[in-house]
Amino acid sequence: METTQDPIGLVGVALDKRYVIESLVAAAGQSYVYRAHDSHDGQRVAVKVLRLQGQPPSEHGALVRRLYREASLLGAHRHPNLVPFVGVGVHHHGAQAHPYVVTKWIEGETLASQLDARMGRGGRT
């Protein structure tokens with residue numbers, strides 16, 4: 001599933017001069033998820049970028065801490081049911097700061113589409 005619109009303009013950008021954003025694949029909740037490739041080793045990665053726009057500034061600190069906690073937990077654990085952690089950072093784009101977490105890219109269906117299929121809902125649009 002790919003989304004054509006990129007509301008924060010990261011497609012084509014190299015985060016940390018390393019993770020080259022290829023496309024936006026999801027925009028939901030408090031983050032955007034992009035497909036990218038790691039220019040250091042050529043591997044495909046997923047980049048989860050925190051969506052701070054539209055959030056009250058008073059909540060930005062808590063949202064960033066939650067994202068970094070997620071990165072810390074992923075980095076501290078290795079398990080077949082956890083996506084492997086690759087990196088974390090902040091991309092400055094104009095006046096905006098975009099905190100992000102990088103994980104290995106996993107091909108396949110989303111959990112939501114699998115659940116929809118099992119429950120006979122036919123998927124999301």
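**Notebook: aromatic pairs, sheet, cores and salt bridges**

I began with the aromatic rings, and a search of the whole structure returned 0 aromatic pairs. I note here that I am working from a predicted model. One ring does have a charge over it: the charged end of Arg-35 sits over the ring of Trp-105, at 5.8 Å from the ring centre.

**Entry on the sheet**

I next traced the strand order, and found an open sheet of 6 strands running S1-S2-S3-S4-S6-S5, with antiparallel pairing. S1 and S5 are the edge strands, each of them pairing on one side only.

I then looked at the two pairings that involve S6. With S4, strand S6 pairs in the antiparallel sense over 5 bridges, and I found Ala-46 standing opposite Thr-103 of S6. With S5 (residues 85–93), strand S6 (residues 96–104) pairs over 8 bridges, again in the antiparallel sense, and here Val-88 is the residue opposite Val-101 of S6. S5 and S6 form a hairpin that leaves 2 residues between the strands, and Gly-94 in that turn has a positive phi of about 65°.

**Entry on positive phi outside glycine**

Which residue that is not a glycine has a positive phi of about 55°? I found Asp-16 with that value, placed in the loop between strand S1 (14–15) and strand S2 (19–28). Lys-17 lies in the loop between S1 and S2 as well, and its phi, near 55°, is also positive in a residue other than glycine. I checked the accessibility of both: Asp-16 counts as exposed because its relative accessibility is 58%, over the 50% limit, and Lys-17 is exposed too, with a relative accessible area of 75%.

**Entry on the cores**

I looked up the largest nonpolar core, which has 15 residues, and in it Leu-15, Tyr-34 and Val-47 touch the most other members. Strands S2, S3 (31–38), S4 (44–50) and S6 each supply at least two residues of this core. There is also a second, separate core of 7 residues, and I list Leu-52, Leu-63, Val-64 and Val-101 among its members.

**Entry on two buried residues**

Is Tyr-19, in strand S2, buried or exposed? I read a relative accessible area of 4% for Tyr-19, so this residue is buried. Leaving aside neighbours within four places in sequence, the contacts of Tyr-19 include Val-13, Ala-14, His-37, Asp-38, Val-45, Val-47 and Tyr-100. I also noted that the C-alpha atoms of Tyr-19 and Ser-39 are separated by 6.2 Å, although the two residues are 20 apart along the chain.

Thr-103, which lies in strand S6, counts as buried at 11% relative accessibility. With neighbours within four places in sequence again set aside, I found Thr-103 in contact with Val-45, Ala-46, Leu-74, Val-83, Pro-84, Phe-85 and Val-86.

**Entry on the salt bridges**

How many salt bridges does the structure hold? I found 4, and followed three pairs by name.

Arg-18 forms a salt bridge with Asp-38, and the closest N and O atoms are 2.8 Å apart. This pair links distant parts of the chain, with Arg-18 in the loop between S1 and S2 and Asp-38 in strand S3, 20 residues apart. Their accessibilities fall in separate classes: Arg-18 is partly exposed at a relative accessible area of 23%, whereas Asp-38 counts as buried at 1%.

The side chains of Arg-44 and Glu-22 meet in a salt bridge of 3.2 Å, N to O. Because Arg-44 lies in strand S4 and Glu-22 in strand S2, this pair ties together parts that are 22 residues apart in sequence. I found Arg-44 partly exposed at 36% relative accessibility, and Glu-22 partly exposed at 29%.

Glu-70 and Lys-48 meet through their side chains in a salt bridge of 2.9 Å, N to O. Glu-70 lies in helix H1 (residues 57–76) and Lys-48 in strand S4, so the pair ties together parts 22 residues apart in sequence. Glu-70 counts as partly exposed at 30% relative accessibility, and Lys-48 is partly exposed with a relative accessible area of 26%.

My last note concerns shared partners: salt bridges join Glu-22, Arg-35 and Arg-44 into one network. Arg-35 thus appears twice in these entries, since its charged end also sits over the ring of Trp-105.

Terms used
Residues numbered from 1 in each chain as written. Predicted model: local features only at pLDDT ≥ 70, side-chain atom pairs only at ≥ 80, totals over all residues. Heavy atoms only, no water. Pairing = 2+ DSSP bridges. Helix = DSSP H or I, 4+ residues; strand = E, 2+ residues; numbered from the N terminus. Buried < 20%, exposed > 50% of the residue type's maximum accessible area, 1.4 Å probe, protein only. Core = buried A, V, L, I, M, F, W, Y, C linked by side-chain atoms within 4.5 Å. Contact = heavy atoms within 4.5 Å. Phe/Tyr/Trp six-rings, centres within 6.5 Å; stacked < 30°, edge-to-face > 60°. Lys NZ or Arg CZ within 6 Å of the ring centre and 35° of its normal.
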